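Hi,

Here is the structure I promised to pass on. Have a look, and my notes follow underneath.

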Amino acid sequence: MVSGLVLLAATFRLWVPGCQSSFPQVPLLGWAVSAGPIWDWVGLIVLVSCLLASAVFSDQLSIQSDTGHWSSRSIGAPVHRLLLWAIVCSASLLVVLNQHRLQAWFFQLLLFSFVFLLSDEKRRLRWLQWLVVSLYAYSACGKLDYEFLHTTGQDFLRATVAPLGLDIEDWPQSRRLAVTALAPLSELAMAAGLLWRPTRKFCGFLAVGCHLFMVWLLGFQLHQSLGVCLWNLQFAAQSLALFALPSIAGENSNSPKPSMHRPGIVLREYAIQTLLAASLVLPLSERLGWWDHWPSWALYSSHNSRLYIVVAPWAIDRLPRELQSLIQQHHPTTVGGYTVPLAEWSVRTLGVPVYPQARFQLGVARALSDTVDAKFAISAQVCSAANRLNGQRDKTRWLLDDQLHAASRNFWLNSQPRQVWMPSSQTQSSSLAIR
């Protein structure tokens with residue numbers, strides 16, 4: 001809960017209405033398109049208040065002074081359950097209002113809140129461990145593909161060996177690919193080791209070291225956003241609590257189990273565990289486009305579906321000033337316009353990575369098209385997730401104007417931008433309407 005508060009503070013521009021600059025908001029569900037900023041305030045205030053109360057009054061993990069073992073305090077009291085349900089509801093509301101908020105760390109916070117609603121201490125521990133192990137396993141499998149080995153993985157390798165005075169461009173391609181593949185293979189082996197009790201403690205400490213290394217690599221070498229680095233620090237502490245420490249609550253706990261005879265409690269327990277089980281299985285459908293990339297733990301991978309947005313040179317001055325400066329740093333594309341750097345725009349204005357889903361990015365393209373309000377000013381190409389073996393993508397033809405809106409019918413969830421005013425001093429007018 002404390003880490004959730006820290007990450008919310010580090011990424012506050014994504015959550016606080018009025019601090020979101022000119023980056024469009026795209027609700028997850030269509031009915032939220034016309035929702036006003038009051039709902040953002042309601043969701044944020046409830047979420048922060050309940051996280052604070054939960055952190056102060058119901059710490060999930062504490063050290064028993066008499067044994068030195070980790071112990072989980074009971075959260076069976078009605079007030080604690082109420083806090084957790086309020087966290088789940090307010091977090092869900094914030095994501096529905098803007099799917100950009102479905103950052104991987106926020107999805108993990110949502111899942112962990114459901115776990116803490118379970119009554120049995122040992123069962124809570126097991127679900128926390130399974131969720132973390134599944135994250136490592138899916139993350140590793142997402143990187144074992146052509147795209148990661150030839151793009152992002154190469155960037156990681158280059159940044160890792162650069163302080164040693166090495167240049168991977170001098171290496172044969174086969175060596176570069178082999179060394180790059182060691183990262184996801186090691187992550188997959190670590191996930192397997194965390195499941196097996198004899199190796200769990202060792203792999204727990206290994207995970208701590210890996211996350212501290214990622215903080216150095218991402219923060220100091222690749223200059224990633226603060227939220228990404230803080231999430232890795234959270235994982236380092238999390239690995240200590242769940243895997244590395246000599247005795248964890250639940251494994252040797254003799255505390256009595258809560259009564260499970262009431263039908264309401266039984267139904268709640270089964271419903272929560274069914275939802276958690278679904279979160280373990282649904283990432284298998286990510287490559288088919290049935291489940292989003294970040295909830296599938298496709299982290300630091302580059303096979304995600306995406307949208308290439310191009311703006312005509314004569315229409316650049318109609319865009320927000322902060323986006324104009326980013327666009328003008330790039331060369332014109334082969335289609336006679338400038339590519340909109342969505343990733344840089346998101347990090348520059350919101351301090352978070354852009355949501356890696358073609359559906360969401362189509363909503364951004366629609367918002368830009370409505371903002372420019374000129375024919376043939378904005379065009380876009382939708383690309384599917386990359387093929388694991390050769391990196392090939394299914395691509396649509398270039399979409400123009402009304403075709404952008406028609407393309408939304410290809411997605412199950414909403415891709416229409418939110419109808420809110422987002423004032424920004426960096427735009428040409430005093431305010432910018434995203435319709």
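L288 is exposed, with a relative accessible area of 56% (exposed means over 50%, buried under 20%, partly exposed in between, using a 1.4 Å probe and protein chains only). You'll find L288 in the loop between α11 (263–281) and β3 (306–311). L288 also belongs to a nonpolar surface patch of about 760 Å², together with L29, W31, W290, W412 and L413. Patch members have over 30% relative accessible area and no salt bridge (Lys or Arg side-chain nitrogen within 4 Å of an Asp or Glu carboxyl oxygen), with nonpolar side chains (Val, Leu, Ile, Met, Phe, Trp, Tyr) joined within 5 Å and like charges within 9 Å.

Before going on: this is a predicted model, where local features need pLDDT of at least 70 and side-chain atom pairs pLDDT 80 or more, while totals for chains, interfaces and linings use all residues. Numbering runs from 1 along each chain as its sequence is written, and side-chain values use heavy atoms, leaving out hydrogens and water.

As for the whole protein, there are 15 helices and eight strands (DSSP runs numbered from the N terminus: H or I of at least four residues, E of at least two). Of the 435 residues, 54% are buried. The accessible surface is about 20,000 Å², with 63% of that belonging to carbon and sulfur atoms (Shrake-Rupley, 1.4 Å probe; for residues, only the protein chains shown count as cover). Among contacts (heavy atoms within 4.5 Å) between residues at least 6 apart in sequence, 72% join residues at least 24 apart.

Cheers
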